[in-house]
Amino acid sequence: MRRVLRALGLAVLLAGTPLLTAPAASAADGATEAGPTEVGGGTGLIFRMAPSPEAPTSLYTCTMTAVGRDAAGNLVGLTNAHCFIDAEGGKLVGEKVWVDRSPAGTAAAPAPVEDSRPDLDTGAIGTVTYVSTPNNLLNLGPKGLDYAVIKLDESRVRPTATVGGVTIRKIGEPPANGTRMCKQGHRTGLTCGVKLGTNGIWFTHLVWTNSGDSGAPVVDGETLVGNAWGVQHSSPILSIIAEMNAEGGVGAGFHLAS
């Protein structure tokens, strides 16, 4: 998670990473004339824009974990919960989400925070319907799987299996320790590293992430195994799906859309 406006430390507990004055983009809040925008695991997301999406001087960014359908047929996106928790700990259910139209960065050249822009041609692509318990790794709060559910607008987006250097074809368990895994985040692009082990309900690895990568898909080959949320930790995707199924509502019965 990255908030564009001021520097932020580890993207583990908060949501976003501030933008220093973003020039207004052109276009209205409507679907693009070119047709729906492709979104998938690795797509950059923008939200919490102030004073407005058309002229933001402050905004927050994260990365989509995956896009799929639930048991009711809704098109659903996943990202991190901590992206949608405010300074008082409130969960921002109902928050609108936009695609970040700035190019993804790399580990050697992270995407500049001042380049983050909402895609105004496409408009808001969905609404946050559920925010889980965040990870709370660095505080005494309850430990959670740190995921958020976004109900996507199919008139504005269509799912894609490939974003950047990652293609997601399946969902599965984290691999054995020592297995090389990768992630695709909007801030630092494709980075890879080995799985180290587990820490409670999470798994640990040497896959590099930075603020703005929060929610990035972690894959073993073309198998989605988790969502990255900072300090080389991720939550297992099968645990997230099991919790969504138990919770019910939008997201229950999640399976890949493409």
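In the predicted model, C62 has a relative accessibility of 1% and is therefore classed as buried. This cysteine forms a disulfide with C83, the two sulfur atoms lying 2.0 Å apart. The torsion about the S-S bond is -110°, which gives the link of C62 and C83 a left-handed sense. C62 belongs to strand β4 (residues 58–63), whereas C83 is located in the loop between β6 (75–79) and β7 (96–99), so the bond ties together parts of the chain that are 21 residues apart in sequence. C83 is likewise counted as buried, because its relative accessibility is 0%, below the 20% limit for that class.

By the distance rule applied here, the count comes to 2 disulfides. The other pair is C182 and C192, with an S to S distance of 1.9 Å. The link of C182 and C192 is right-handed, with 100° about the S-S bond. C182 is placed in strand β14 (residues 180–185) and C192 in strand β15 (residues 189–199), the two cysteines being 10 residues apart. Their solvent exposure was also computed. C182 has a relative accessible area of 13% and is therefore buried, whereas C192, at 26%, is partly exposed. When the bonded cysteines are counted along the chain, the disulfides of the protein chain follow the pattern 1-2, 3-4. In general terms, a disulfide is a covalent bond between the sulfur atoms of two cysteines.

The nonpolar interior was examined next. The largest nonpolar core comprises 23 residues, and those with the most contacts inside it are V39, M64, F84, V97, I125 and L152. Two or more residues of this core are supplied by each of the elements β3 (44–50), β4, β7, β8 (126–131) and β9 (148–152). Among these elements, β9 gives the most, with 3 residues. A second, separate core contains 17 residues, including Y147, L224, I237 and I240.

The surroundings of V97 illustrate the packing in the largest core, in which V97 is one of the residues with the most contacts. Leaving aside residues up to four places away in sequence, V97 touches L45, I46, F84, A124, I125, G126, V128 and I150. Of these neighbours, F84 and I125 are themselves listed with V97 among the residues with the most contacts inside the core.

Strand pairing was considered for β7, β8 and β9. Strands β7 and β8 run antiparallel and are joined by 2 bridges. In this pairing, K96 has T127 of β8 as its bridge partner. Strands β8 and β9 also run antiparallel, and 5 bridges join them. Here V128 is matched with I150 of β9 as its bridge partner. Both V128 and I150 also appear among the residues that V97 touches. As a general property, the side chains of a regular strand alternate between the two faces of the sheet.

A further position of note is P159, which is found in strand β10 (residues 157–159). P159 is partly exposed, because its relative accessible area is 24%, a value between the 20% and 50% limits that bound this class. Although P159 and T37 are 122 residues apart along the chain, their C-alpha atoms are separated by 8.4 Å.

Definitions and conventions
Residues numbered from 1 in each chain as written. Predicted model: local features only at pLDDT ≥ 70, side-chain atom pairs only at ≥ 80, totals over all residues. Heavy atoms only, no water. Helix = DSSP H or I, 4+ residues; strand = E, 2+ residues; numbered from the N terminus. Buried < 20%, exposed > 50% of the residue type's maximum accessible area, 1.4 Å probe, protein only. Disulfide = S-S within 2.5 Å. Core = buried A, V, L, I, M, F, W, Y, C linked by side-chain atoms within 4.5 Å. Contact = heavy atoms within 4.5 Å. Pairing = 2+ DSSP bridges.
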